[in-house]
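Trainee: Could we go through this structure together, taking one question at a time and working each answer out from the atoms?

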Amino acid sequence: MTNSTATTDLDARLEAHRVELTGYCYRMLGSSFEAEDAVQDTMIRAWRSFDRFEGRSSLRSWLYRIATNVCLDMLAAGKKRARPMDLTESTPLSRAALSPRPDHTWLEPVPDARVLPTTDDPAEAAVAKESVRLAFMAALQQLPPKQRAVLVLREVLAWRASEVAELLDTSVASVNSALQRARATLAERRQPGAEASVSDPLDEEQQKLLERYVAAFEGYDMSALTALLHEDAVMTMPPFDLWLTGTEDITGFMITLGAACAGSRLVPVQVNGLPGFAQYKPDPEAGGFVPWAVQALEVSGDRITGFHCFLDTERWFPLFGLPLRLEAEPDQVEQDA
C-alpha cells in the first residue's frame, strides 16, 4: 500500500467517527462550534500519533480517549453554558428588557444531522435524541466535567464501566461512584422542559400540532397561538437573558417588542432532537424575508411547553445549511403591489 493510499484510508477511518464524536463533544461542551473545534483537534492528534496507536483498544475507543482529554482541557477553566432560565428569574412583560450576554454564556443549538449518527435501532435513536435535547443538555452543564463524561459514556453511549475506567485511567469503583453522584445531581436539579416528550418520528397528533403552530405563527394569530401553548409555557431568546412564562406574557411580547415578526415565514429544521423552525421575518426595505431566529419547540401532550428562539442568525443559519434570504412568493408580490 502506498503512502497516499494509506493516508486516504486513515482519513476515511477517522472521518467515519466524526458525527458520533461531535455528538459526544457537544454533550460535554454545550457548544456546537466548540464541539466541532474539539473534534477537529481530536482528528489532528489522532492522525499525528497514529503510528503510536498499538491497537490494544479499538480505534473508536482510542478516539474517544483523545476527545475526552480535549474536552476536559477545554473545560478546565470551569466554564459552563446555560439557558436564560438557569441564570435569572422569569421577567413579567411589564418589565421586559432585551439585555444581551456574551456568546460563551449560552447553551447553543445544534442540527441533529451533525451530532446524531444514523441507526436502524429505534431505541438507540430515541436515547440519542433525548440526550441532546435542551433540558438534558442544561442538566449536564450542572455536572463536573469528569462526571459529565462518565454519565454520557455510560448512560447515553452504553459503554461498560470497565471501558470507561480504562478510558479515564481510573477504577471501575470510581466510575460507578461518579455515575451515582451524577444521577443524584440530575434528580435534585430537574430542569424546565424535562417533561417534554416528542415521538420519533412525530405521531399524527404532534404533526397536526406543528401544522397549527405554523399557521398561527405565520398568520400572527395570537388567539390561535394561545390555544397551542401550555399555560406555563416558556419562551427564551438567547443572546438576551430575558425569558417569559405563560401565554399572556408570551403573546403580549409578540405583539409589542416582537411586533416586527408579524408576517414571518417558517422553514422546518431538526434541532437538538426537537421539532424546530428557521424563522425569516419580512424585509421592509428590499422585500422578501431575512433570517431572524432558529426556533426549538418543546412539546408535552397536545401543547407546546417551550418556545426557544436562538437569534444569532449569522452563526446559526449557515450551521443549519439555511439560506440567508427567502424571496417573496409571486402571489404575495402581486398583493403587495
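The exchange below concerns a predicted model and takes up its sheet, some of its helices and its nonpolar cores.

Trainee: Which strands stand at the edges of the open sheet?

Mentor: In this predicted model, six strands form an open sheet of mixed pairing, in the order β2-β1-β6-β5-β4-β3, and the twist averages 20° from one strand to the next. A strand at the edge has a single partner, so one of its sides is left without a neighbour in the sheet. The strands in that position are β2 (240-245) and β3.

Trainee: In β6, what is the bridge partner of Thr 236?

Mentor: Strand β1, which covers residues 229-237, pairs with strand β6, residues 303-310, in the parallel sense and over four bridges. For Thr 236, the bridge partner in β6 is His 308.

Trainee: Helix α14 lies across β1, β2 and β6; how many of its eight residues are buried?

Mentor: Helix α14 (residues 247-254) runs at about 45° to β1, and its buried residues pack against α12 (204-218) and α13 (222-228) as well as against β1, β2 and β6. Those buried residues are Thr 247, Ile 250, Thr 251, Gly 252, Phe 253 and Met 254. The helix is therefore largely enclosed by the rest of the structure, the number of buried residues being six.

Trainee: Why do the buried residues of α7 line one face of the helix?

Mentor: In α7, which spans residues 122-130, the buried residues are Ala 125, Ala 128 and Lys 129. They pack against α2 (18-29), α6 (112-115) and β3 (265-271). They line one face because, seen down the axis of α7, they fall within an arc of 95°.

Trainee: And which residue caps the N-terminal end of α7?

Mentor: The contact to look for joins a side-chain oxygen to the backbone nitrogen of Ala 123, and the two atoms lie 3.0 Å apart. The residue that supplies this oxygen is Asp 121.

Trainee: Is Asp 112 buried or exposed, and which backbone nitrogen lies 2.7 Å from a polar atom of its side chain?

Mentor: Asp 112 lies in helix α6 and has a relative accessible area of 8%, so it counts as buried, the limit being under 20%. Leaving aside neighbours within four places in sequence, Asp 112 is in contact with Lys 129, Gln 270, Val 271, Asn 272 and Gly 273. The backbone nitrogen at 2.7 Å from its side chain is that of Gly 273.

Trainee: With which side chain does the side chain of Glu 20 make a polar contact?

Mentor: Glu 20 is found in helix α2 and is buried, with a relative accessible area of 16%. Beyond four places in sequence, Glu 20 is in contact with Arg 60, Tyr 64 and Pro 117. The polar contact, at 2.8 Å, is made with the side chain of Tyr 64.

Trainee: Which helix gives the largest share of the largest nonpolar core?

Mentor: In soluble globular proteins, nonpolar side chains tend to be buried together. The largest core here has 67 residues, and those with the most contacts inside it are Tyr 24, Cys 25 and Met 28; a second, separate core of 31 residues includes Phe 217, Leu 244, Cys 261 and Phe 277. Not counting residues up to four places away in sequence, Tyr 24 touches several residues, including Tyr 64, Ala 67 and Leu 157. The largest share of the 67-residue core, nine residues, comes from helix α4 (residues 59-74).

Notes. Residues are numbered from 1 along each chain as its sequence is written. This is a predicted model: local features need pLDDT of at least 70, side-chain atom pairs count only at pLDDT 80 or more; totals for chains, interfaces and linings use all residues. Side-chain values use heavy atoms; hydrogens and water are left out. Buried means under 20% relative accessible area, exposed over 50%, partly exposed in between (1.4 Å probe, protein chains only). The arc is that of the directions from the helix axis to the C-beta atoms. Contact means heavy atoms within 4.5 Å. A polar contact is a pair of N or O atoms within 3.5 Å; within protein, one must be able to donate a hydrogen and the other to accept it, and residues adjacent in sequence count only if both atoms are side-chain atoms. A nonpolar core is a set of buried Ala, Val, Leu, Ile, Met, Phe, Trp, Tyr and Cys residues joined through side-chain atoms within 4.5 Å. Two strands pair if DSSP finds at least two bridges between them. Axes are lines fitted to C-alpha atoms, for helices over the stretch in contact, and angles run from 0 to 180 degrees between N-to-C directions.
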